[in-house]
Each structure stands twice: as C-alpha cells, then as structure tokens.
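Me: I have a structure open and would like to go through it with you, starting with charged contacts and then moving on to helix packing and loops. Can you take me through it step by step?

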Amino acid sequence: MTRHEQRYKAMTILYQAFLYDNNNINYDIKDIINEQLPENNKFITTLVTGVIKEKGKIDELANKYLENWEIARLGFTDQAILRIGIYEILNTDTPDITCIDEAVELSKKYSDEKVCKMINGVLDKVYHNHKEVNS
C-alpha cells in the first residue's frame, strides 16, 4: 500500500471515529483500525491515534487559521483530511510540502473546491508558522 493509500485509509478510519463521536457511540479506536486493516500498519495506526490524541491541539491550530469558520463545521471527511495534514506537519519527519500536497490531493477527490482551497490555505499557514517556530 502506498503512503497515499495509507492516508486515505487513515481518513476513512477517522471519519468513522468522528461519526461515532457525533452520535455518542462508544468505541475503541483499535477495534476500528483492526476492522479496516487486514494486517497491522504502523503508519496508519500512528496517524489515527496521533490525530485522536492531539485533536484538541490540532483543532485549536486549525481554528486559528480558518477565517470566520471552525473545523467542527466541516464535514467529517474534511475534518479528517485537515487534521491528518496538521498532525503530519507537526509530528512526523514527512516533508511539510508532502504533507500539504497529500492532504490537497485527498481533498480534491473527496471535498468540494472551496473546502479544498480552505484546507490548502490552513495547511500553508500551519507550515509557515511551524517553520518559523522551529527555525
């Protein structure tokens, strides 16, 4: 499975988790991961568990850069894409530009054009802020 396919799979797992959260359904994220993956995949597991663990921090950062909008108002797929992108920029060794490109590619397939541009803009701001902080 390519990294792009793994990000897609992480997006679908997070979508399901966000749907459960929204409907007050109890779940164990490890069970959802195991249902979706035929075998253990460290990259997907790290993305999914990392996004869930740091959701508050990620959402705070996203909301800082969303103009007149909040991440909670986005669809679950869009939330998953944006959160994965932010998580990767902040917490992985993946080049920041790759994190942005991958999120934009997913949003081109699964979001409308306005949301795609919004995701790109937010991730660009996160990237530049993160770059300045770590320089």
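**Salt bridges, helix packing and two loop residues**

Reply: To begin with one charged pair, Arg7 and Glu88 form a salt bridge in which the closest N and O atoms are 2.7 Å apart. This pair ties together distant parts of the chain, with Arg7 in helix H1 and Glu88 in helix H5 (residues 76-91), 81 residues apart. Please keep in mind that this is a predicted model.

Me: Is Arg7 buried or exposed? And what about Glu88, buried or exposed?

Reply: Arg7 has a relative accessible area of 4%, and because buried means under 20%, Arg7 is buried. Glu88 counts as buried too, since its relative accessibility is 1%.

Me: Which other residue does Arg7 form a salt bridge with, apart from Glu88?

Reply: Arg7 also forms a salt bridge with Glu102, where the closest N and O atoms are 3.6 Å apart. Here again distant parts of the chain are linked, as Arg7 sits in helix H1 and Glu102 in helix H6, 95 residues apart. Glu102 is buried, as is Arg7, and Arg7, Glu88 and Glu102 are linked in a network of salt bridges.

Me: How many salt bridges are there in the whole structure?

Reply: Searching the whole structure gives seven salt bridges. One of them joins Glu113 to Lys117, with the closest N and O atoms 3.4 Å apart. Both residues belong to helix H7 (residues 113-133), and because they are four residues apart there, about one helical turn separates them.

Me: Are Glu113 and Lys117 buried or exposed?

Reply: Glu113 has a relative accessibility of 57% and therefore counts as exposed. Lys117, with a relative accessible area of 57%, is exposed as well.

Me: Let's switch to packing. How do H1 and H6 cross?

Reply: Two packed helices are described by the distance between their axes and by the angle between them. For helix H1 (residues 3-22) and helix H6 (residues 96-110), the axes come within 11 Å and cross at roughly 60°. That angle makes H1 oblique to H6, and the crossing of the two helices is right-handed.

Me: Which residues meet there?

Reply: On the H1 side they are His4, Arg7, Tyr8 and Met11, and these meet Glu102, Glu105, Leu106, Lys109 and Tyr110 in H6. Sorted by class, the contact of H1 with H6 has four nonpolar, one polar and four charged residues. Arg7 and Glu102, the pair that forms a salt bridge, are among the residues listed at this contact.

Me: New topic, backbone angles. What is the phi of Asn24?

Reply: Phi of Asn24 is near 55°, a positive value in a residue other than glycine. As background, most residues other than glycine have a negative phi. Asn24 is located in the loop between H1 and helix H2 (29-36), and with a relative accessible area of 69% this residue is exposed.

Me: And Asn68, where does that one lie?

Reply: Asn68 lies in the loop between helix H4 (55-65) and H5. Although Asn68 is not a glycine, its phi is positive, at about 55°. Asn68 has a relative accessibility of 75%, so it counts as exposed.

Methods
Residues are numbered from 1 along each chain as its sequence is written. This is a predicted model: local features need pLDDT of at least 70, side-chain atom pairs count only at pLDDT 80 or more; totals for chains, interfaces and linings use all residues. Side-chain values use heavy atoms; hydrogens and water are left out. Axes are lines fitted to C-alpha atoms, for helices over the stretch in contact, and angles run from 0 to 180 degrees between N-to-C directions. Angles under 35 degrees count as roughly parallel, over 145 as roughly antiparallel, 65 to 115 as roughly perpendicular and the rest as oblique. A crossing is left-handed if the near helix is turned anticlockwise from the far one by less than a right angle, and right-handed if clockwise. Contact means heavy atoms within 4.5 Å. Ala, Val, Leu, Ile, Met, Phe, Trp, Tyr, Cys and Pro count as nonpolar, Asp, Glu, Lys and Arg as charged, and the others, Gly among them, as polar. A salt bridge is a side-chain nitrogen of Lys or Arg within 4 Å of a carboxyl oxygen of Asp or Glu. Buried means under 20% relative accessible area, exposed over 50%, partly exposed in between (1.4 Å probe, protein chains only).
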